[in-house]
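Colleague: Got a minute to go through this structure with me? I have a few quick questions.

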Amino acid sequence: MKNVANESRVVQIPKLNISKFTTRFSFSTISVYVALIVLLCILVSALFPSWLAPYAPTVMHTDRILVAPSAKHLFGTDYFGRDVFSLVIHGSRDSLIIGVSAVLIGVVVGGPIGALAGYIGGIVDVIFMRIIEILMTIPGILLALAIAAALGPSLINIVLAIAISSVPGYARVMRGQMISIKKRPYVAASRSIGTSGGRILLWHILPNAWSPMLVMATIGLGSAILTGAGLSFLGLGVIKEIPDWGALLSQGRNYLTVGWWMATFPGLAITAFVLAINIVGDRLQDLLNPKMSRGR
Amino acid sequence: MAVLSRALMRFSSALISILGSLVLVFFIIYMMPGDPVLSMVDPSTTSPEAIDNLRKELGLDRPFYVQFFEYFTSMLQGDFGQSLVTSEPVLPKILMHLPATLMLTLTSIIFAIVIGVTLGVLSAIYRNRWIDVLVRMIGLFGISMPTFWSGILLILIFSVHLNWLPIMGSDGWATLVLPSIALGFVGAGLILRMVRTSMVEVMDEQFILTLRAKGLSERIVMFRHALRNALIPAITIIGMYIGDLLAGTVVIETVFSRQGIGRVIADAILTKDMPVIQGVIFFIAIVYVTVNLLVDISYSLIDPRIRRAR
Amino acid sequence: MRGNLYQTKYLVVFIALVLFLSGCSQGANPDGSTQKSGVQTTAEPTYGGELTFALATSPDTLDPHRSSRAVAVRAFRTIFDSLVVQEADNSIQPWLATKWTVSDDGKSYTFELREDVTFHDGTPFNAEAVKYNFDRILNPATKALNSRALLKPYESAEVLDEYTVKLNLSTPSSSFLSNLSQAMLGIVSPTAAEKYGDQFGKNPVGTGPFKFVSWTENADIKVEKNSDYNWGPSYVENQGQPYLDKLIFKIVPEEATRVGGVQSGQVLAAETVPPQNIVSLENDPNTQLLKVNTLGLPYTLFFNQRREPWKDVNVRKAVMLAVDVETIVKTLYMGTYERSWSPLTPGILGYDETLENSWEYDPDTANKLLDEAGYVMGADGIREKDGKKLTLNYVDASPNREKRNDIAVIVQQQLKEVGIAVEINVTPDFMTVIYEKSDYDLYGNSQVNSDPNALREIYHTPDGSRVLESLVGGYDPKLDELLEQGTVESDPAKREEIYKEAQQIIIDKAMIIPIYIFPYTVAASNKVNGITFDSLGYPLFNDAYIQQ
């Protein structure tokens, strides 16, 4: 304990900047590269799944059900005899669709609410934030569960359910940004030279406010996919020809003792995606908001 | 004085939030397709009149606002209505299941804090060493795995294979271990990241450097000063995370066959048992709001600067 | 959970066969048939011990007259007895009633009752109690559902003396006695029913071999032995008090947890074992597997004949021929479920064996039929007619039970082969979608039932009093006539013929695609002996004991 502490003191006190630099270079940099590669692979499989998948994802090899991973079936086959590797590749598309569209809706709805509340302040702020707080008292997946049940099962409704439940988070972050930025000197300066309120919002505040939103959105991608998986587990998912990862994992969980590969690979795909997106999100945060990472 | 009025403010806004969530949920349920009455009768043998009568009897034929007003006034008198499925009163039902869920939530938070803070501190101290890398990977796994998956894996490993811990049920401490790990793992990952980041920041700050320069032992510097400051963001996370935890019980209680309001509400949503959904959400909202009030108060206790700043 | 609702309506089942693992002898008496090869059973059952039994879903209530879930019956069958019992050969035997006579017009049944029976709360069992029970079911305040359907056409009861009761029906009913044997018409204590009112379901009191102790919702239901019991039905060996001191039903929804519980010894038995685990448990030396085929209406896909093009028998036939049921049963159920061929399951009165293997998977003929119906293959591989694509809206209930949703996934692929696009709609709200809006082309369901009269509710033209739509939406005059005859005909031989013809018509008109016969499965530790199943397919614990 003592030794270690001494050592860290030696490194840190005199050469603060260099230590920062090495921090970034060693673990973070490598992991960011790995994460980017993972995301790239996922993106490619979502866009051009048939380039990578050895089989059509819907073909059922009924003579080869629950076959363990082998050269022929990299990730084995599921209980329909479908190739799990091909399913994971093809499933990336809907998983990304769920994640990206839920986040987009969340940002597009939550962002402006938060921005207006923060920028205008006063009664608007009070009303908007009260609504947001009300939404927040019903925790994420529960709200999604209720909405999914209310709207009925379909991919769009699942996306909506997840999106609505993520709106409060975005609104809150955006509002916080607004409040802190509008007090900054350069905003006051442009106001004093007679720039209109809308212009200030558009040209000075928004560009400075979007970075934490971006970070949050990145991480939100991951949690949207996790929420989707949770809904599948609770029986409110959608049955599609090509299931998304959450649905695959949820189907495979009952086969863990007889065919571990069925749940494990889609599960790892989710985990790898969320992991990668979080690493990238962290790095984005560092890059976009150097202040935060260096400490105030 | 200022503290008191601030607390009052927070309290009243909390009340409004809870009331608002009641209206919101009532509305969502009202919007749900399908008729709860249909799930209560045998469709092939019940006459249309009987169904209409049942609907009237349950007051489901009236407009939204009338139904809500009625519900609200009787709720104020402590009457949360009856389950449409089992016709048992809702309040006792919730009060029976709430303790198990609160217990699980509590142990999960404790697990998340203990693991999250410990690993976060370790990670910050051994910054960039293999321990740090390992710890951060563990943390990232925590927030990247669907809980039902990690839960089932824990069951297969520790209950079925090793037979160390109970596989199901909610009586006794032993049954809490695996569910708390599965549920708290996510929180541990979040807290770990927060603690690490803020520890690292604090460690580089001027006052720590000063303390070090003064010759204070490293241990005192770390734990009394650095950690204390690093805890603040961790507490914020808990306030935000409590909602996820409560919602997470929906999944975890099913996986581990535990009692609790998570399972109650999941069932109720599938059967459109309005009074039950309504009641459970109400209590979850209360817990959420209360915890966040406590978080707010604890800020000012831990860090006097915040009290002044606001 | 909702998924259970419809299937469990009219729950009447009986055993086709009791299969034991590794091909051991049949029958499930304690004296020596439940053991696996190599495991020795003591010949004499031992008293004492606690049996934990994991249920897949939570009962809705333990009030037999209000319940609509099979899982509830599994628990309350231990608490309540019935007037009569139906044996595996469909014969009706005495239970709480010692004998009975039926009037010539078939409209009144006079029962003589056992005189030595008391309820768990000390209330004496007598004619008054029987009358109270059946009137209770008719009383709207009870909100009886399934029991009310089963009791139909009961009108009133007359107490002739302390132990003689006469039941009056409005019309003759050839399935009345069989219905009386069901647990949902079990006899409850009038004193307790009055005392607890609509909370009786949480405080059940009956005359059964076990007394209710407690029900902790979503956790467990505990019952303990009724030491006074000595009026067991004829289908159990032990008519006296049960061997077990206590029986605990644990509610364990997750498959992995349930099966894992038995494997790790944390529960002694678990119901509804999924196919993949049936296969793997067969190699587990510490576990035995009990399997009973339920009878009634098998899991069947119903066409909605209200809609185009399913009005056309040839289009229906094409779909029927294009669905490869054999493959579905082999892959999804890994050979653990049997394929069904008829709207009824084997073993039920009148089951028509000649339907077995009477058609086979034949995509070529299916294509030909579709061509003839005017559906031309489009460029995208989907057929169309008058610019409209041939799509089929396949509705199934959620959550996924018995892998039914997976059947939809396979059917979707198989029908694509012949140019039909299948849209799968899986919803927890199937009640509205199916029975209110009739918004489906194909919908799967099953009913477990002891009497072929069950066909009438589904295939007979609705009489107008129904508020909800029927499943098939298309009817046949000849079929209607047969089903009417079947309800009142008292000669079993004639009934058999009637129902055989009815089955032929249903298959011939391709009204349905029968898929599988559901087996009720129990995985149990080898220490457990003597779990048997009643003629309704529910587990019985009268003979169960735990090997020390």
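Colleague: On the other side of α11(C) from the buried residues, which residues are exposed?
Modeller: C:Asp364 and C:Glu372 are exposed there. Keep in mind that this is a predicted model.

Colleague: And which residues of α11 in chain C are buried?
Modeller: C:Ala366, C:Leu369 and C:Leu370, within a helix that covers residues 363-372. They span an arc of only 95° around the axis, which puts them on the same side of α11(C).

Colleague: What do those buried residues pack against?
Modeller: Two elements of chain C: α9 (313-322) and β17 (383-385).

Colleague: What phi does C:Gly374 take, just after α11(C)?
Modeller: A positive one, about 95°.

Colleague: Back to β17. What is the strand order in its sheet?
Modeller: The order is β16-β17-β18 in chain C. The sheet is open and the pairing is antiparallel.

Colleague: Why is one side of β16 and of β18 left without a neighbour in the sheet?
Modeller: Because β16 (376-377) and β18 (388-389) of chain C stand at the edges, each with a single partner strand.

Colleague: How many bridges join β16(C) to β17(C)?
Modeller: There are 2. In one pair, C:Val376 has C:Glu384 of β17(C) as its bridge partner.

Colleague: Switching to the whole chain. How many helices and strands are in chain C?
Modeller: 16 helices and 27 strands. The radius of gyration is 24 Å, close to the 24 Å from the globule rule for 548 residues, so chain C is as compact as a globular protein of that length.

Colleague: How much of chain C counts as buried?
Modeller: 60% of its 548 residues.

Methods
Residues numbered from 1 in each chain as written. Chains lettered and ligands numbered in written order. Predicted model: local features only at pLDDT ≥ 70, side-chain atom pairs only at ≥ 80, totals over all residues. Buried ≥ 20, exposed ≤ 12 C-beta atoms within 10 Å, placed from the backbone. Helix = DSSP H or I, 4+ residues; strand = E, 2+ residues; numbered from the N terminus. Arc of directions from axis to C-beta. Contact = placed C-beta atoms within 7 Å. Pairing = 2+ DSSP bridges. Rg over C-alpha atoms; globule rule 2.2 N^0.38 Å.
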